[in-house]
Amino acid sequence: MSAAKLRLLVGVLAVGVLTAGCGGSSGSSGDGRVTLTLNLFGNMGFKDLYAKYEAAHPNIKIVERTSAYNDHHRNLAAHLATGSGAADVEGIDTGFIAQFRAQPERFVDLRKHGADGLKDRWLPWKWQASVAKNGAQIGYGTDVGGLAMCYRRDLFEKAGLPTERDEVSKLWPDWASYFEAGRKYTANKPEGASFFDGGAQIFNAMIGQAETGYYDSSDHVVVATNPVVRSAYDEVLKAVADGESAKLVGSSPAWNTGFAKSQFATIACPAWMLAKIQDQAKAFAGKWDIAAIPGGGGNWGGSYLTVPAQSKHAKEAVDLITWLTAPEQQIEVFKAHGILPSTVATYEKPEVKNLKNAFFNDAPVGQVFTTAALNLKPQYQGPRAGDIQTAIRDAINRVEEGKQDGPQAWEQMLKDVERIEQ
């Protein structure tokens with residue numbers, strides 16, 4: 001074992017000790033009821049469904065725990081490494097699924113519970129992304145990203161920009177024109193309201209459109225050699241220097257507050273982002289709208305539900321994730337939260353295809369996001385894609401915080417990525 005790997009393992013185990021109190025599998029009460037625990041991140045839209053499942057399964061009680069995105073995935077890695085502390089069901093984001101599918105022995109192989117018979121439910125690339133090299137299926141897909149650009153109609157009006165979604169989409173056929181619109185907005189912006197939320201979030205959207213991101217299909221990291229990565233990095237930092245960014249870190253408390261304080265006018269919004277915006281910006285219903293993403297198409301995010309092998313009630317946990325990810329439940333999640341199903345048969349259902357969202361000025365979210373999902377060309381995700389994304393996010397944040405200039409942050413990021421590879 002290399003010194004670097006040893007340090008990593010020690011760190012992982014330390015995190016596991018520190019976070020053991022946050023994990024833990026299910027238990028059985030004296031009356032024979034089984035408590036199933038779910039460890040998730042953010043709002044995955046399932047809470048409204050638990051009562052219905054418990055009513056149909058009187059012996060089951062469901063407990064959901066949520067934590068921040070990076071904390072959640074670090075905790076899961078620690079709990080798997082130590083063999084204890086994982087929940088009965090663990091959510092995994094698409095940026096981390098490759099890392100965990102490399103450890104199929106630590107998850108229930110869903111093929112042993114009828115997965116092959118359910119395969120056609122999902123978009124083919126969504127299904128394949130959670131298949132391990134030994135053929136084990138470690139997770140069922142929940143949602144897919146599909147990209148759009150959410151914007152504040154009232155802030156655009158005050159800055160003298162168009163407000164209707166078709167006209168706004170025409171403003172930015174590509175990212176260069178998006179940043180140009182940002183310069184026009186910034187010249188007349190309302191007090192305290194920047195053009196976009198943070199550089200790292202815009203960077204993620206740009207990379208989500210690329211044919212190749214952080215890995216090639218042979219699992220080689222190409223961050224340093226892929227010109228798309230450096231180009232997006234430089235474009236984003238140019239816009240930051242032009243004053244277009246609110247300099248907020250995605251999913252941080254300050255970012256959450258930024259919605260309520262109207263600190264930015266646009267945000268790249270994969271379908272799952274709609275739930276975050278509605279949760280954090282309740283006072284601005286009807287003032288948000290949805291336009292096309294610059295450059296067209298792309299994917300950012302989307303998740304899976306898995307059952308760790310250490311679960312004490314694996315069969316009941318598999319039954320639960322099979323039900324939660326079934327088309328009927330994915331439709332309910334989409335209607336309530338705008339989180340787009342990954343089960344392709346739902347896309348022709350009127351309640352999905354024709355769905356509009358009043359919070360977003362009656363934007364045709366069904367049409368917008370199902371079209372994006374069907375036209376999506378999936379990008380290969382290597383084993384540590386999520387950690388690499390975090391390293392680049394941190395580099396952009398260091399520049400936004402004034403701690404480093406762009407070249408300095410880039411060089412440190414490349415060293416961080418090298419350590420991640422080891």
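**Burial, contacts and backbone geometry in a predicted model**

Valine 417 is buried, its relative accessible area being 3%. In this predicted model, the residue is placed in helix H18, which comprises residues 406-421. Beyond the residues up to four places away in sequence, valine 417 touches Val221, Val223, Ile388 and Ala391. Two of these partners, Ile388 and Ala391, fall within the residue range 385-400 of helix H17. Valine 417 and glutamate 64 are 353 residues apart in sequence, and their C-alpha atoms are 33 Å apart in space.

Helix H17 has 16 residues and reaches 23 Å from its first C-alpha to its last, close to the 22 Å expected at 1.5 Å a residue. Of the 16 residues of H17, 13 are buried, so the helix is largely enclosed by the rest of the structure. Just after H17, glycine 402 takes a positive phi of about 80 degrees.

On the other side of H17 in sequence, glycine 382 lies in the loop between H16 and H17. The relative accessibility of glycine 382 is 0%, and the residue therefore counts as buried. Its contacts, with neighbours within four places in sequence left aside, are Ala98, Tyr215 and Asp219. Glycine 382 is also separated by 7.3 Å, C-alpha to C-alpha, from glutamine 99, although the two are 283 residues apart along the chain.

At the level of the whole chain, there are 18 helices and 10 strands. For 422 residues, a compact globule would have a radius of gyration near 22 Å, and the 21 Å of the chain agrees with this. The C-alpha trace spans about 65 × 55 × 35 Å along its principal axes. Buried residues make up 55% of the 422 in the chain. Among contacts with a separation of 6 or more, 75% are accounted for by residues 24 or more positions apart. The exposed area of the chain is about 17,600 Å², of which carbon and sulfur atoms supply 52%. The chain carries 44 positive and 47 negative side chains, and the centres of the two sets lie 2 Å apart.

Helix H14, residues 327-337, contains the buried residues Pro327, Gln329, Gln330, Ile331, Val333, Phe334 and His337. The cover over these residues includes strand S5 (139-141) and several helices, among them H2 (47-56), H12 (273-280), H13 (314-324), H15 (350-353) and H16 (365-374). H14 is followed by glycine 338, whose phi is positive and near 80 degrees.

One of the elements covering H14 is helix H12, in which glutamine 278 lies. With a relative accessibility of 18%, glutamine 278 counts as buried, because the cut-off is under 20%. Apart from neighbours within four places in sequence, glutamine 278 is in contact with His337, Asn357, Phe359 and Phe360. Of these partners, His337 is one of the buried residues of H14.

Strand S9 (residues 288-291) holds alanine 291. Alanine 291 counts as buried at 4% relative accessibility. Leaving aside neighbours within four places in sequence, the contacts of alanine 291 are Ala148, Met149, Tyr151, Arg165, Val168, Ser169 and Trp172. The C-alpha atoms of alanine 291 and valine 368 are separated by 8.9 Å, the two residues being 77 residues apart along the chain.

Positive phi values also occur in residues other than glycine, including lysine 247, near 60 degrees, and serine 262, near 55 degrees. Lysine 247 lies in the loop between helix H10 (227-241) and helix H11 (253-260), whereas serine 262 lies in the loop between H11 and strand S8 (264-268). Lysine 247 is partly exposed, with a relative accessible area of 46%. Serine 262, by contrast, is buried, with a relative accessible area of 12%.

Note on methods
Residues numbered from 1 in each chain as written. Predicted model: local features only at pLDDT ≥ 70, side-chain atom pairs only at ≥ 80, totals over all residues. Heavy atoms only, no water. Helix = DSSP H or I, 4+ residues; strand = E, 2+ residues; numbered from the N terminus. Expected span 1.5 Å × (residues − 1). Buried < 20%, exposed > 50% of the residue type's maximum accessible area, 1.4 Å probe, protein only. Rg over C-alpha atoms; globule rule 2.2 N^0.38 Å. Contact = heavy atoms within 4.5 Å. Areas by Shrake-Rupley, 256 points an atom, 1.4 Å probe, with all protein chains shown as cover. Lys, Arg positive; Asp, Glu negative; His and termini not counted. Charge placed at Lys NZ, Arg CZ, Asp CG, Glu CD.
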